[in-house]
Amino acid sequence: MNNNAKSADTMERIKTVIRDVPDFPKKGIIFKDITPLLADNASFSGAVKSLAEKYRGLGITKVLGIEARGFILAGPIALELGAGMVPVRKKGKLPYKTISATYALEYGEDTLQMHEDAVKKGEKVLIVDDVLATGGTAAAVVALVEKLGGKVEAVAVLIELEFLHGRAKLPGRTVDSLIKY
Ligand code: AMP
């Protein structure tokens with residue numbers, strides 16, 4: 001089997017193990033549950049390898065994972081790329097000195113933080129999350145990286161909800177997604 005056929009197979013398999021949960025966490029939201037994907041070795045490993053593939057040899061030294069499901073993907077992607085992993089967390093969770101970015105939610109706002117020494121000036125960074133929805137979260141993380149002088153190589157997500165136009169909040173950025181809805 002050639003690589004293209006193999007990767008088409010992997011994508012098909014991955015699609016079957018993403019579970020739609022209607023009305024979670026609130027009415028009207030269809031939650032993309034990736035726990036069946038994580039529980040299936042071939043899908044988990046295929047997703048990690050497919051996400052990492054494009055960035056091999058680009059000199060990425062840090063992979064940022066966004067709380068909480070972004071952590072699960074960012075760890076193995078960092079190992080694939082020979083990079084370190086950095087957790088980006090909700091306010092108040094990180095123990096050392098932090099920098100913060102606040103962004104708008106549908107109702108109200110939220111704050112994400114990372115350690116102030118997590119990314120060095122000029123470091124090449126890949127930002128990873130499970131789902132790109134409205135793009136507000138990813139845009140806030142881009143701002144955090146750039147506050148520290150890091151260079152955002154790309155935002156990579158497993159799932160992109162295209163109808164929410166998240167890319168519009170990331171103008172001029174490379175955004176890659178494995179599965180689009
Ligand atoms: P956004 O800032 O709107 O792009 O939202 C992205 C964040 O919210 C990610 O960290 C996702 O894990 C989560 N998220 C948003 N919508 C969904 C969804 N339909 N299913 C699962 N996670 C979602």
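This tour moves through a predicted model, beginning at the ligand and continuing to selected points of the backbone and the interior.

**Stop 1: the ligand and its shell**

Select the ligand and display the protein surface around it; the ligand sits in the largest pocket. Strand 2 (30–33), strand 7 (124–132) and helix 5 (136–147) are the elements that each contribute two or more residues to the surrounding shell. Next, select the shell itself, which holds 13 residues. Arg 69, Asp 129, Asp 130, Thr 134 and Thr 137 are the ones that come nearest to the ligand. Colouring the shell by residue class gives 5 nonpolar, 4 polar and 4 charged residues.

**Stop 2: polar pairs at the ligand**

Three residues may now be selected one after another. Begin with Thr 134, where a polar side-chain atom is placed 2.5 Å from an oxygen atom of the ligand. Proceed to Arg 69, which has a polar side-chain atom 2.7 Å from a ligand oxygen atom. Finish with Ile 30, and show its backbone: here a backbone N or O atom is 3.0 Å from a nitrogen atom of the ligand. How much of the ligand's own accessible area does the protein cover? On its own the ligand has 490 Å² of accessible area, and the protein covers 82% of that.

**Stop 3: the loop between strand 1 and strand 2**

Leave the ligand and select the loop that joins strand 1 (19–22) to strand 2, where Pro 25 is found. The peptide bond from Phe 24 to Pro 25 is cis, and its omega is near -5°. Asp 23 is placed in the loop between strand 1 and strand 2 as well. Its phi is near 60°, which is a positive value in a residue other than glycine. Asp 23 has a relative accessible area of 41% and is therefore partly exposed.

**Stop 4: the loop before helix 4**

Select Ala 68, in the loop between strand 3 (62–66) and helix 4 (69–81). The peptide bond to inspect runs from Glu 67 to Ala 68; this bond is cis, with omega near -5°.

**Stop 5: the loop between strand 8 and strand 9**

Move on to His 165, located in the loop that connects strand 8 (151–160) with strand 9 (175–180). Although His 165 is not a glycine, its phi is positive, at about 55°. Is this residue, His 165, buried or exposed? The relative accessibility of His 165 is 56%, so the residue counts as exposed.

**Stop 6: two buried residues**

Select Gln 113 in strand 6 (residues 109–115). Gln 113 counts as buried because its relative accessibility is 8%, under the 20% cut-off. Add Gly 92 to the selection: the backbone nitrogen of Gly 92 is 3.0 Å from a polar atom of the Gln 113 side chain.

The last selection is Tyr 55, in the loop between helix 3 (41–53) and strand 3. With a relative accessibility of 3%, Tyr 55 counts as buried. Which separation is found between the C-alpha atoms of Tyr 55 and Leu 126? The two residues are 71 residues apart along the chain, and their C-alpha atoms are separated by 8.5 Å.

Key:
Residues are numbered from 1 along each chain as its sequence is written. This is a predicted model: local features need pLDDT of at least 70, side-chain atom pairs count only at pLDDT 80 or more; totals for chains, interfaces and linings use all residues. Side-chain values use heavy atoms; hydrogens and water are left out. A residue is near a molecule or strand if one of its heavy atoms lies within 4 Å of it. A polar contact is a pair of N or O atoms within 3.5 Å; within protein, one must be able to donate a hydrogen and the other to accept it, and residues adjacent in sequence count only if both atoms are side-chain atoms. Accessible areas come from the Shrake-Rupley method with a 1.4 Å probe; for residues, only the protein chains shown count as cover. On a 1 Å grid over the protein atoms alone, a cavity is a set of points where a 1.4 Å probe fits but cannot get out, and a pocket is an open set with protein on both sides within 12 Å along at least five of seven lines; lining residues have an atom within 4 Å of a point. A molecule sits in a cavity or pocket if more than half of its atoms lie within 2 Å of its grid points. Helices (H or I, at least four residues) and strands (E, at least two) are DSSP runs, numbered from the N terminus. Ala, Val, Leu, Ile, Met, Phe, Trp, Tyr, Cys and Pro count as nonpolar, Asp, Glu, Lys and Arg as charged, and the others, Gly among them, as polar. Buried means under 20% relative accessible area, exposed over 50%, partly exposed in between (1.4 Å probe, protein chains only).
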